[in-house]
Amino acid sequence: MSELNHSLYHDFPEYRERIHQLKLSDENFARMATEYHQLDHSIRGLETRGVPTTNETFDQLKLRRLQLKDRLFEMLQ
């Protein structure tokens, strides 16, 4: 169980300004960043509250978050 904050600003502090700029100027980036934030919030909620869910469901949520994070990081570079 991990209660780490995986927000984009936390994981990529060196790209803080670029994240902000892309959220304002790139609709695709903004949409993916919003989905990433919602997934991260849901995952942390499941972890901290111990809400019953299947391992498969939990793993799928984490995989999708990772896929989004990888894509967003590519866009930041």
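This passage describes the nonpolar core, helix H4, and the surroundings of Asp-40 and Ser-7 in a predicted model. Residues are numbered from 1 along each chain as its sequence is written, and side-chain values rest on heavy atoms, with hydrogens and water left out. Because the model is predicted, local features need pLDDT of at least 70 and side-chain atom pairs count only at pLDDT 80 or more, while totals for chains, interfaces and linings use all residues.

We can begin with the core. In soluble globular proteins, nonpolar side chains tend to be buried together. Here the largest nonpolar core (buried Ala, Val, Leu, Ile, Met, Phe, Trp, Tyr and Cys residues joined through side-chain atoms within 4.5 Å) holds 13 residues, of which Leu-8, Ile-19, Phe-29, Leu-72 and Leu-76 touch the most other members. Two or more residues each come from helix H2 (16–25), helix H3 (27–49) and helix H4 (55–76); helices are DSSP runs of H or I, at least four residues long, numbered from the N terminus. The most generous contributor is H3, with 5 residues. Beyond its neighbours within four places in sequence, Phe-29 is in contact (heavy atoms within 4.5 Å) with Ile-19, Leu-22, Lys-23, Leu-72, Met-75 and Leu-76.

Helix H4 deserves a look of its own. Its 22 residues reach 31 Å from first C-alpha to last, close to the 32 Å expected at 1.5 Å a residue, where the expected span is 1.5 Å times one less than the number of residues. Buried in H4 (under 20% relative accessible area, with a 1.4 Å probe and protein chains only; exposed is over 50%, partly exposed in between) are Phe-58, Arg-65, Leu-68, Lys-69, Leu-72, Met-75 and Leu-76. Seen down the axis of H4, these buried residues fall within an arc of 120 degrees, so they line one face of the helix; the arc is taken from the directions from the helix axis to the C-beta atoms. Their cover includes H1, H2 and H3. On the face turned away from the buried side sit the exposed residues Asn-55 and Glu-56.

Arg-65 also leads to a polar partner. The side chain of Asp-40 makes a polar contact with that of Arg-65 (2.8 Å); such a contact is a pair of N or O atoms within 3.5 Å, where, within protein, one must be able to donate a hydrogen and the other to accept it, and residues adjacent in sequence count only if both atoms are side-chain atoms. Asp-40 lies in helix H3 and counts as buried, at 1% relative accessibility. Setting aside residues within four places in sequence, Asp-40 is in contact with Asn-5, His-6, Ser-7 and Arg-65.

Ser-7, in turn, is placed in the segment before helix H1 (8–11) and is partly exposed, with a relative accessible area of 22%.
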